[in-house]
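Me: Got a minute to go through this one with me? I'd like to start with the helices.

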Amino acid sequence: MSIVLCPLSFSMFPTIPYIQSCFDEYNARFFASSLPPIPIKLSNARTFLGKVTFTRRRSWLFGPVRNENFVLRINTRLDLPEELVQDTILHEMIHYYIALNHLRDTSTHGRLFRQHMKRINDEGNRHISISYRLSKEQIAALYPERASN
Ligand SMILES: [Zn+2]
């Protein structure tokens with residue numbers, strides 16, 4: 001029997017403990033628990049559903065560039081289907097995995113990103129995408145001033 005930490009419901013505003021439990025579950029299931037803990041922040045931004053930010057640092061002049069100070073940001077402005085929140089967390093975890101391991105990809109969502117996306121979609125019956133379509137109502141919630149014009 002498997003323990004489901006992230007049961008599906010129709011829509012939700014994610015919380016940090018919720019995102020944390022999804023992260024832990026997916027880390028074990030899809031990344032062999034290789035991802036170190038990452039600070040999670042809730043975001044009210046209008047420009048993304050999720051985002052992994054980090055700094056690139058060179059410890060000495062000709063040394064290798066290291067990515068560090070990772071932060072996972074998940075948007076809580078919108079009431080989203082839970083599956084979309086989960087797929088957003090997974091999408092960002094792929095970015096985290098690639099940046100953490102300093103892997104080279106052909107673009108932001110290049111060949112390597114898509115390989116992991118396909119693997120997780122197939123293994124986990126997920127629907128991670130590189131672009132998410134929002135409904136008119138969700139866009140209106142993001143941009144109320146446009147809707148009222
Ligand atoms: Zn992305």
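Reply: Sure, here are some notes on helix packing and burial. Keep in mind that the model is predicted.

Me: Start with α2. How many residues does α2 have, and how far does α2 reach?

Reply: α2 has 19 residues, residues 82-100. From first C-alpha to last, α2 reaches 26 Å, close to the 27 Å expected at 1.5 Å a residue.

Me: Which residues of α2 are buried?

Reply: The buried ones include Val85, Ile89, Leu90, Met93 and Ile94. Some polar and charged names are buried too, among them Gln86, Asp87, His91 and Glu92.

Me: And what covers the buried residues of α2?

Reply: The cover includes strands β1 (11-12), β3 (50-58), β4 (65-75) and β5 (80-81). Helices α1 and α3 are also part of the cover.

Me: Let's look at α3, then. At what angle do the axes of α2 and α3 cross?

Reply: Roughly 135 degrees, and the axes come within 10 Å. α2 and α3 are therefore oblique to each other. The crossing is right-handed.

Me: Which residues make the contact?

Reply: From α2, Leu90, Ile94, Tyr97 and Ile98. From α3, Leu112, Phe113, His116, Met117 and Ile120. By class, that is eight nonpolar, one polar and no charged residues.

Me: What follows α2?

Reply: His102, with a positive phi near 50 degrees.

Me: Switching topic. Where is Arg29 found?

Reply: In helix α1, residues 16-30. Arg29 is partly exposed, because 14 other C-beta atoms lie within 10 Å.

Me: How many residues apart along the chain are Arg29 and Glu123?

Reply: They are 94 residues apart, with their C-alpha atoms separated by 9.3 Å.

Definitions and conventions. Residues are numbered from 1 along each chain as its sequence is written. This is a predicted model: local features need pLDDT of at least 70, side-chain atom pairs count only at pLDDT 80 or more; totals for chains, interfaces and linings use all residues. Axes are lines fitted to C-alpha atoms, for helices over the stretch in contact, and angles run from 0 to 180 degrees between N-to-C directions. Helices (H or I, at least four residues) and strands (E, at least two) are DSSP runs, numbered from the N terminus. Angles under 35 degrees count as roughly parallel, over 145 as roughly antiparallel, 65 to 115 as roughly perpendicular and the rest as oblique. A crossing is left-handed if the near helix is turned anticlockwise from the far one by less than a right angle, and right-handed if clockwise. Two residues are in contact if their C-beta atoms, placed from the backbone, lie within 7 Å. A residue is buried if 20 or more other C-beta atoms lie within 10 Å of its own, exposed if 12 or fewer, and partly exposed in between; C-beta atoms are placed from the backbone. The expected span of a helix is 1.5 Å times one less than its number of residues.
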